[in-house]
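Colleague: Please give me a close look at one part of this model, the salt bridges, and tell me how open or covered their residues are. Keep it simple, as I'm new to this.

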Amino acid sequence: MPVLPWLPEEDGVENVQDGVSPAVGAVWEPVRGALFVEGHWHRSLRPPTWVELFGYPGGLVGNRALVPEEIRGWDAGVRWRDAPASVTAPSTPPQQPAARTIIWRRHSQMSSQPENVGRTENRGVEVEAAWRHRAVALTGNLTWQHARDRGDDPVYRDRELPYLPALETFTEVAWDHAGWRAG
C-alpha cells in the first residue's frame, strides 16, 4: 500500500507498509519504591515525514521514493528515586541499529534532499537527574551518542551521521504554582 494511503501510486516505486512495531520491557525493584533495574527492546518503523516526501520551499527537496526506516534498539539501566531526588543512569549503552535510515544530504549550496542510506548504528549513554523541593524543580540530562553510517557506500561508511551531535545537554530550573509552570 502507499506510504500515505490517500496518495496515488507512482510507477516504478515500491510502497510496502509493515506496521508492526513490538516493544518489550522488564523492571525489577531490588529496593521497593527506590531502586529500579530495567531493560527494553523494540522494533519500530518510522515512515517518511511529509517534508521528507514532498520537500519545503527554501531548499528542502522532497523524495517520493523514500521507504520507512526500520529501527531496532535495546537498552538497560538503573534508576534511583528518593523523596526529593531521582537519578537515571544506564548500566549498558543503548544500541540503535537501523535499516533504510533517512538522512538529509546536501546536493548543492542551497538545497538538501532526503535519502534512504542503508544501515546506520547509534550507540551512546544517557544520564538524567532531577531534584525537587516543594514548588521548585531542577532537572538535567546529558546524552552522548556515537551515530555512524554502516551502509555499503565506501564514501560514507563509518562517517558520522549529519545533524546528530555527539554531545547534548539539557538543564531546567522550574517553579510550579497553581497549575502553572515557569522554567
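Modeller: Let's start with R72, which is partly exposed at 36% relative accessibility (that label covers the range between buried, under 20% relative accessible area, and exposed, over 50%, using a 1.4 Å probe on protein chains only). Its partner is E70: the two side chains meet in a salt bridge, at 2.8 Å from N to O. By salt bridge I mean a side-chain nitrogen of Lys or Arg within 4 Å of a carboxyl oxygen of Asp or Glu. E70 itself is buried, with a relative accessible area of 15%, so this bridge joins a buried residue to a partly exposed one. The pair isn't on its own, either: R43, E70, R72 and R100 are linked in a network of salt bridges.

A quick word on the source: this is a predicted model, so local features need pLDDT of at least 70 and side-chain atom pairs count only at pLDDT 80 or more, while totals for chains, interfaces and linings use all residues. Residues are numbered from 1 along each chain as its sequence is written, and side-chain values use heavy atoms, leaving out hydrogens and water.

Now for R105 and D149, another salt bridge, where the closest N and O atoms are 3.8 Å apart. This one ties distant parts of the chain together: R105 sits in strand 7 (residues 102–108) and D149 in strand 10 (residues 136–149), 44 residues apart (a strand is a DSSP run of E, at least two residues, numbered from the N terminus). Both R105 and D149 are buried.

Then there's R123 with E121, whose side chains meet in a salt bridge at 3.5 Å, N to O. Here R123 is partly exposed, at 32% relative accessible area, and E121 is partly exposed too, at 21%. The full count of salt bridges comes to 16.

Technical notes: Helix = DSSP H or I, 4+ residues; strand = E, 2+ residues; numbered from the N terminus.
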